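I opened the notebook today to go through one structure piece by piece, writing down what I looked up and what came back.

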Amino acid sequence: MDERQIPVVQTAGLTKIFKDFWRRNRVAAVNDLNIEVRRGEVFGLLGPNGSGKSTTIKMLLGLLYPTRGRIAIFGHPPTDVAVKSRIGFLPEDSYLYRYLNARETLDLYGRLFKLPAKHRDDRIEKLLDMVGLSTEGKRRVGEYSKGMARRIGLAQALINDPEFLILDEPTAGMDPIGMRQIKNVIRELADRGKTILLSSHLLADVEDVCDRVCILYGGQQRAEGPINELLRQDDRTQITTERLSDSTIERVRRVIRETENKDVIQVAPPADRLEAVFMRTVEQAQAANIVTAGAKSGGDLPDFIGTEEPTDLIGTLVSAADREVHKVTIEQVHASKPKPEEESRKKLIASLTDEKPPASLSTQSTPQPAIDETPRTKPVADQAVIDSLLKQEKDDSVG
Ligand SMILES: Nc1ncnc2c1ncn2[C@@H]1O[C@H](COP(=O)(O)OP(=O)(O)O)[C@@H](O)[C@H]1O
Ligand SMILES: [Mg+2]
């Protein structure tokens with residue numbers, strides 16, 4: 001069978017039961033999990049604290065043995081050494097050597113992957129730029145904030161240009177700007193053919209980056225599917241128009257009642273997403289040159305990442321454009337200014353079409369045709385419900 005057809009991850013009845021000191025079963029951290037992660041997709045493992053996300057990830061990486069069930073990564077057992085070299089991993093807590101600076105940290109990992117010195121230096125600079133830490137590269141990582149540590153952790157996970165990236169809570173501890181940047185990086189990595197599995201307990205973190213999600217609760221799989229299907233309310237119709245007068249709304253109500261015998265459930269101005277409002281406010285402050293300290297904005301994805309040309313470039317770009325649908329509001333406000341999203345998209349397109357990848361750096365990664373071409377418009381109410389489901393506190397039944 002063609003390797004490209006094999007899912008990147010497949011689990012069957014995956015179960016992990018932690019035992020206590022007396023070998024009694026204490027917690028079923030993961031209970032009968034059946035997931036499939038396909039090539040080129042961003043797969044979200046969602047769930048409240050303690051729902052089994054990190055335990056699942058550790059089993060996928062071969063760091064924990066399952067109590068029951070099977071795992072195949074690229075069709076092989078996770079303990080296979082050849083499999084491990086194709087995976088990049090951002091752990092829940094980045095284990096960084098406090099006394100190394102950011103450049104030295106990345107250099108260490110570059111050496112572990114046996115990258116030649118010349119490539120190492122080049123990649124390190126590009127990765128530091130991507131995560132917005134090039135000016136902080138000489139500071140010891142022990143002094144970094146949680147968000148900065150996540151950024152360096154992400155750079156570290158990418159140093160070997162892996163085909164498959166596993167990110168455990170990639171946006172934990174990040175401010176909304178960093179969160180937005182990480183989400184853009186994840187989306188661009190997927191556009192370059194990478195497969196990404198990420199975990200999160202915040203739906204807002206993942207709703208606009210994931211193609212498909214699995215929602216865990218108490219180690220059990222409670223819902224799974226393409227994110228737009230999970231969020232869509234099939235029994236409702238939403239019409240958005242420019243602001244209407246009361247008399248028109250009354251007439252519309254009457255028409256709907258007379259022709260369909262149905263009621264209008266809600267008439268209200270559409271709610272903006274808080275992220276859009278926040279980003280707009282910060283951009284306005286930046287435009288007004290208000291001074292701040294902290295992490296700088298991230299740069300572009302390095303050109304060495306997944307440099308093989310996608311087979312279905314148009315399809316990839318079309319689906320990327322569809323994913324931008326929800327950003328219309330923030331972009332409209334800034335219609336007069338150059339749009340950063342658009343700029344980086346253009347650069348991405350240029351790098352995909354013009355640049356010849358250095359032969360020695362190209363990977364076996366094979367971009368997939370667009371997975372999901374449906375626009376991601378979603379009713380706000382759904383999100384609130386799922387958010388509240390996810391906002392459960394950590395299950396502290398275990399001491
Ligand atoms: N090494 C361990 N020993 C005992 N229990 C554990 C261990 N690791 C995790 N657990 C328990 O397994 C459950 C799932 O934990 P985890 O996978 O870390 O959740 P999440 O990453 O979703 O927050 C929790 O109840 C946690 O306390
Ligand atoms: Mg965890």
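Which protein donors does the magnesium ion (ligand 2) have? I kept in mind while looking that this is a predicted model. I found Ser 54, through OG, and Glu 92, through OE, lying 2.0 to 2.2 Å from the ion. I then placed both donors: Ser 54 sits in helix α1 (residues 53-60), whereas Glu 92 belongs to the loop between β6 (87-90) and α3 (102-112), so the pair ties together parts that are 38 residues apart in sequence. As for accessibility, Ser 54 has a relative value of 14% and counts as buried, because the cut-off for that is under 20%. Glu 92 is partly exposed, its relative accessible area being 33%.

Next I looked at Ser 51, which lies in the loop between β4 (42-46) and α1. I noted that Ser 51 is buried, with a relative accessible area of 1%. Setting aside neighbours within four places in sequence, I listed its contacts as Ala 29, Leu 216, Tyr 217, Gly 218 and Gly 219.

I turned to the helix pair α3 and α5 (residues 146-158), and asked at what angle their axes cross. The axes come within 9 Å and the crossing is at roughly 25°. Since angles under 35 degrees count as roughly parallel, α3 is roughly parallel to α5. I recorded the crossing of α3 and α5 as right-handed. On the α3 side the contact is made by Ala 102, Leu 106 and Tyr 109, and on the α5 side by Ile 152, Ala 155 and Gln 156.

My last entries concern α6 (residues 176-191), the helix in which Met 179 is found. Is this helix enclosed or open to the outside? I found 13 of its 16 residues buried, so α6 is largely enclosed by the rest of the structure. I also checked its length: at 1.5 Å a residue the 16 residues should span 22 Å, and the end C-alpha atoms of α6 are 22 Å apart, which agrees. Just after α6, I noted that Gly 193 takes a positive phi of about 95°.

Within α6 I followed Met 179, which counts as buried at 17% relative accessibility. Not counting residues up to four places away in sequence, Met 179 touches Thr 171, Met 174 and Asp 205. For Asp 205 I added the separation from Met 179, which is 26 residues in sequence and 7.2 Å in space, C-alpha to C-alpha.

How values were computed
Residues are numbered from 1 along each chain as its sequence is written. Chains are lettered from A and ligands numbered from 1 in the order in which they are written. This is a predicted model: local features need pLDDT of at least 70, side-chain atom pairs count only at pLDDT 80 or more; totals for chains, interfaces and linings use all residues. Side-chain values use heavy atoms; hydrogens and water are left out. Helices (H or I, at least four residues) and strands (E, at least two) are DSSP runs, numbered from the N terminus. Buried means under 20% relative accessible area, exposed over 50%, partly exposed in between (1.4 Å probe, protein chains only). Contact means heavy atoms within 4.5 Å. The expected span of a helix is 1.5 Å times one less than its number of residues. Donors are N, O and S atoms within 2.8 Å of the metal (3.2 Å for Na, K and Ca); water is not among the atoms, so sites may look incomplete. Axes are lines fitted to C-alpha atoms, for helices over the stretch in contact, and angles run from 0 to 180 degrees between N-to-C directions. Angles under 35 degrees count as roughly parallel, over 145 as roughly antiparallel, 65 to 115 as roughly perpendicular and the rest as oblique. A crossing is left-handed if the near helix is turned anticlockwise from the far one by less than a right angle, and right-handed if clockwise.
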